[in-house]
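This note is addressed to a colleague opening the structure for the first time. Please read the numbered points with the sequence and the model side by side.

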Amino acid sequence: MVAVDREITKFQNFLQQQGLKLTGERTALVREIFSTHYHFEADELLFKMKEKNVKISRATVYRTLELLVKSGMVRRVHLGEDHYHYEHVSGNSHHDHLICTTCGGVIEFHDEVLEQRQREICERKKFTPTFHNLQILGVCDPCRRKGETPDAPDRVRMIHQTKLRK
Ligand SMILES: [Zn+2]
Ligand SMILES: [Zn+2]
Ligand SMILES: [Zn+2]
Ligand SMILES: [Zn+2]
């Protein structure tokens, strides 16, 4: 079975537990989300579906994303903007993000020592963690070489609107 088909089956099982059906639109969405890895906005996904001539409503895109998040197959991330981006979760590959404030580029990283420290902090505070998304905003190497400076240290410059956040 191809990886994407496996994800479709997984989502179908989740939907069944919720008493819901896997429709053609939902299948097309899962196929789109799992065929590439990028950090997308709900409306960008809607736009991509329209480009591919898949008839799907905005409400269905949002509702299906909610369900995918609930199933743990997709997660919501903040990338230095005032709205959510989404990304698919493959396997147990938890990661965090370095975000370039001048080009909008995203660098993923995983550091087990850092993860362990966070677990220890939660234990010490008797806190049960359910989610974290560590993000460091800054300037990536290519932008730094070009002499780019951020408009603000804590948010991404609004120039990447037409570009998907890898
Ligand atoms: Zn965005
Ligand atoms: Zn982490
Ligand atoms: Zn950059
Ligand atoms: Zn990511």
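The points below take up the metal sites, a surface patch and the salt bridges in turn.

1. The model is a predicted one. Every distance, angle and accessibility given in this note should be read with that status in mind.

2. The zinc ion (ligand 3) has as its protein donors the SG atoms of Cys-100, Cys-103, Cys-140 and Cys-143, which lie 2.3 Å from the ion. Along the chain, these donors follow the spacing C-x2-C-x36-C-x2-C. The angles subtended by the 4 donor atoms run from 102 to 119°. The arrangement is therefore tetrahedral, because four donors count as such if all angles lie between 85 and 135 degrees. For comparison, the ideal angle for four tetrahedral donors is 109.5 degrees.

3. Are the donors Cys-100 and Cys-103 buried or partly exposed? Cys-100 has a relative accessible area of 4% and is buried. Cys-103, at 21% relative accessibility, counts as partly exposed, since the buried class covers values under 20%.

4. The zinc ion (ligand 1) is coordinated by Glu-41 (OE), Glu-81 (OE), His-83 (NE2) and His-85 (NE2), at 1.8 to 2.3 Å. The spacing of these donors in the chain is E-x39-E-x1-H-x1-H. Among the 4 donor atoms the angles span 76 to 162°, and the site is irregular. Two of the donor residues may be described further: Glu-81 counts as buried at 7% relative accessibility, and His-85 counts as buried at 0%.

5. The zinc ion (ligand 4) is coordinated by His-39 (NE2), Glu-87 (OE), His-95 (NE2), His-97 (NE2) and Glu-108 (OE), at 2.0 to 2.2 Å. In sequence, the donor residues are spaced H-x47-E-x7-H-x1-H-x10-E. His-39 and Glu-87 link distant parts of the chain, being 48 residues apart. His-39 is placed in the loop between α2 (24-35) and α3 (42-51), whereas Glu-87 belongs to strand β2 (residues 84-88). Both His-39 and Glu-87 are buried.

6. His-97, one of the donors to the zinc ion (ligand 4), deserves separate attention. His-97 is found in strand β3 (residues 96-100) and counts as buried, with 0% relative accessibility. The side chain of His-97 also makes a polar contact of 3.1 Å with the side chain of His-95, another donor to the zinc ion (ligand 4).

7. Which residues make the nonpolar surface patch of about 230 Å²? The patch is made by Leu-98, Ile-107 and Ile-136. Ile-136 is found in strand β5 (residues 135-138). At 45% relative accessibility, Ile-136 counts as partly exposed.

8. The structure holds 13 salt bridges. In general, side chains of opposite charge can pair when their charged atoms come close. One of the salt bridges joins Arg-117 to Glu-120, with 3.2 Å between the closest N and O atoms. Arg-117 and Glu-120 are separated by about one helical turn, because they stand 3 residues apart in helix α5 (residues 112-124). Arg-117 is partly exposed, with a relative accessible area of 44%, and Glu-120 is partly exposed as well, with a value of 29%.

9. A salt bridge of 2.8 Å, N to O, is formed by the side chains of Arg-145 and Asp-141. Both residues lie in helix α6 (residues 141-145), 4 residues apart, about one turn of the helix. Arg-145 counts as exposed at 65% relative accessibility, whereas Asp-141, with a relative accessible area of 35%, is partly exposed.

10. Asp-151 forms a salt bridge with Arg-157, in which the closest N and O atoms are 3.3 Å apart. The two partners fall into opposite accessibility classes: Asp-151 counts as exposed at 59%, while Arg-157 is buried, with a relative accessible area of 17%.

11. Finally, Glu-32, Lys-48 and Lys-52 are linked in a network of salt bridges. A reader may wish to locate these three residues in the model after viewing the pairs above.

Methods
Residues numbered from 1 in each chain as written. Chains lettered and ligands numbered in written order. Predicted model: local features only at pLDDT ≥ 70, side-chain atom pairs only at ≥ 80, totals over all residues. Heavy atoms only, no water. Donors = N, O, S within 2.8 Å, 3.2 Å for Na, K, Ca; no water. Tetrahedral: all angles 85-135°; square planar, octahedral: opposite > 155°, others 65-115°. Buried < 20%, exposed > 50% of the residue type's maximum accessible area, 1.4 Å probe, protein only. Patch = residues over 30% accessible without salt bridge, like charges linked within 9 Å, V, L, I, M, F, W, Y side chains within 5 Å. Areas by Shrake-Rupley, 256 points an atom, 1.4 Å probe, with all protein chains shown as cover. Salt bridge = Lys/Arg side-chain N within 4 Å of Asp/Glu carboxyl O. Helix = DSSP H or I, 4+ residues; strand = E, 2+ residues; numbered from the N terminus. Polar contact = N/O pair within 3.5 Å; in protein donor to acceptor, adjacent residues only side chain to side chain.
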